[in-house]
Amino acid sequence: MDKEVQQELLRTIPQVDECIHSLFDLDQVEHVPLLVIKNSVRDVLAEFRRRILAGERIDPGQLSLSSLQPVICEHIRQEMQPRFRRVLNCTGVIIHTNLGRSILPQITMDKLHGAGSRYSNLEYDLATGRRGSRYSLVEKLLCDLTGAEAALVVNNNAAAVLLVLETLAKGRDVIVSRGQLVEIGGSFRIPDVMSRSGARLVEIGATNRTHVRDYEEAISEETALLLKVHCSNFRIIGFTKEVSVEELVKIGRGRGLPVMEDLGSGCFVDLSRFGLMKEPTVQEVVAAGVDVVTFSGDKLLGGPQAGIILGRRQVIDRIKKNPVNRAMRIDKFTLCSLESILRLYFDERTALKTIPTLAMIAATPEEINRRAGRLLRRLRKQLSSCCKLGLADIMSRVGGGAMPEQNLASRAVVIEPSAIKVSRLEVLLRQLEVPVIGRIEDDRLLLDMRTVADDEVALLADCLQQAFAAASA
Ligand SMILES: *Cc1c(COP(=O)(O)O)cnc(C)c1O
């Protein structure tokens with residue numbers, strides 16, 4: 001496009017103030033703060049300027065005040081929508097960190113309602129009428145469920161690891177196997193957390209193999225702790241050797257050193273019966289005699305975001321007294337929901353049925369297939385003119401950095417749009433009021449029904465219909 005035409009188009013863009021004035025009488029902006037209107041106008045005009053400068057031939061009519069009005073109003077409408085939104089998770093990744101990790105059961109949500117809207121005994125000891133400790137509300141429960149002597153809960157597992165290292169090993173050495181120096185999503189890296197805590201990392205062994213003698217040889221006057229880290233999101237296969245937690249405890253006892261395990265996604269239930277690899281449960285790690293174990297509240301436990309620290313009383317007491325602990329303390333919503341979740345574990349069958357994370361892992365292919373069938377029937381009625389529909393076998397994932405190599409057989413509804421590209425459909429689905437997040441493979445949209453609840457099927461069908469309607473609008 002020649003410079004002259006471009007300049008002329010740029011001059012056609014109205015002034016910000018003109019646009020704002022042209023909007024004032026509209027109902028749509030009645031309760032909208034002036035700054036939101038102003039910024040929306042700026043955003044819309046800037047976008048037109050960018051397109052013109054990029055050489056796009058824009059019809060000058062599009063730049064008139066009356067043509068701009070609906071565009072700006074739509075922009076304002078989107079700005080005024082809540083940012084934190086419910087989505088439909090059709091990815092089949094159960095603990096999806098980007099989609100909120102674990103979701104909570106209804107009974108827990110009912111408890112949360114009371115915790116937020118009423119006063120509580122958060123830090124009030126009802127037995128003595130004096131100030132109490134918020135942690136005491138869940139400490140006994142955690143001990144009863146796991147066999148640990150003492151417990152403490154902080155904001156997340158990253159905080160838990162940092163706090164334990166800061167308390168037990170600041171200025172001293174912590175011995176870790178090279179094969180366990182994991183980085184998990186969101187830039188949590190063991191070596192970085194270690195240096196932030198003030199502890200010195202002593203790496204031992206080779207990437208694939210670490211032996212008892214590697215620990216023995218690395219121990220010195222400076223050693224404060226032996227640390228084992230769960231290789232959450234990766235696996236070393238082939239010629240490998242790891243020192244078991246039992247062996248590590250034996251070394252620690254022999255040399256008078258505490259042993260810590262960062263379990264990452266700690267689980268109270270053995271999930272191998274659902275076809276997953278046998279992972280040590282929290283109870284087993286505690287029974288092995290570690291001095292401290294840490295894990296997340298919102299991974300396989302299926303609860304709220306939290307970092308749970310279990311261990312020997314003496315060690316936990318030191319951690320509790322660390323002033324850094326105060327900066328990581330959990331709020332009443334976490335405490336209330338964590339207690340509710342923990343109580344469900346008193347009966348394993350209840351836990352597997354009511355805690356969504358566990359129930360989704362336990363769901364049978366038949367159950368998922370029935371759900372997929374229900375969605376398919378609805379879509380056949382609503383959408384058969386605009387896409388090809390079908391079912392397919394698919395593999396779900398546990399997610400959350402837990403059990404990376406393992407799949408759960410599942411069933412997906414498959415959608416092949418006829419008039420639009422599947423990438424376009426994916427964008428439209430993200431822009432819905434309740435966005436739908438699926439998987440794209442071979443130009444088809446796959447909706448894994450493992451992570452969709454039974455009572456979400458009708459909503460999901462409506463959302464898909466809305467997206468196709470938006471495509472033809
Ligand atoms: C997930 C994970 C963490 C971090 O836990 P958050 O609760 O996300 O802070 C730390 N260590 C390991 C091994 C993990 O898998």
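How many residue pairs are in polar contact between domain 2 and domain 3, counting those with both residues at pLDDT 80 or more? The count is 1. Keep in mind that we're looking at a predicted model here.

## How the chain is split up

The protein chain breaks into three pieces: domain 1 covers 3–80, domain 2 is built from 88–97 + 360–472, and domain 3 runs over 104–354. So much for the layout; the rest of the tour starts with domain 2 and domain 3.

Going by C-alpha atoms, the centres of domain 2 and domain 3 sit 35 Å apart. Where they touch, domain 2 puts in 12 residues and domain 3 puts in 14 residues.

## What the contact is made of

Put domain 2 and domain 3 together and about 1200 Å² gets buried between them, with 72% of that on carbon and sulfur atoms. Salt bridges don't feature: the count between domain 2 and domain 3 is 0. Add to that the 1 residue pair in polar contact mentioned at the top.

On the domain 2 side, the elements giving two or more residues to the contact with domain 3 are α16 (356–362) and β15 (402–417). Of these, β15 supplies the largest share, 6 residues. Sort the domain 2 residues that touch domain 3 by type and you get 8 nonpolar, 3 polar and 1 charged.

## Aromatic pairs

Searching the whole structure turns up 2 aromatic pairs. One of them joins Phe268 and Phe295 in an edge-to-face arrangement, at 6.0 Å centre to centre and with 75° between the planes.

Why does this pair tie together separate parts of the chain? Phe268 is in the loop between β11 (259–264) and α11 (282–287), while Phe295 belongs to strand β12 (residues 292–296), so the pair links parts that are 27 residues apart in sequence.

## Two backbone oddities

Most residues other than glycine have a negative phi. Arg101 isn't a glycine, yet its phi is positive, at about 50°. You'll find Arg101 in the loop between β2 (93–95) and α5 (106–117).

Asp442 also isn't a glycine and has a positive phi of about 50°. Look for Asp442 in the loop between β17 (439–441) and β18 (444–448).

Methods: Residues numbered from 1 in each chain as written. Predicted model: local features only at pLDDT ≥ 70, side-chain atom pairs only at ≥ 80, totals over all residues. Heavy atoms only, no water. Domains from an automatic or database assignment. Contact = heavy atoms within 4.5 Å. Buried area = accessible area lost by both parts, 1.4 Å probe. Salt bridge = Lys/Arg side-chain N within 4 Å of Asp/Glu carboxyl O. Polar contact = N/O pair within 3.5 Å; in protein donor to acceptor, adjacent residues only side chain to side chain. Helix = DSSP H or I, 4+ residues; strand = E, 2+ residues; numbered from the N terminus. Nonpolar A, V, L, I, M, F, W, Y, C, P; charged D, E, K, R; others polar. Phe/Tyr/Trp six-rings, centres within 6.5 Å; stacked < 30°, edge-to-face > 60°.
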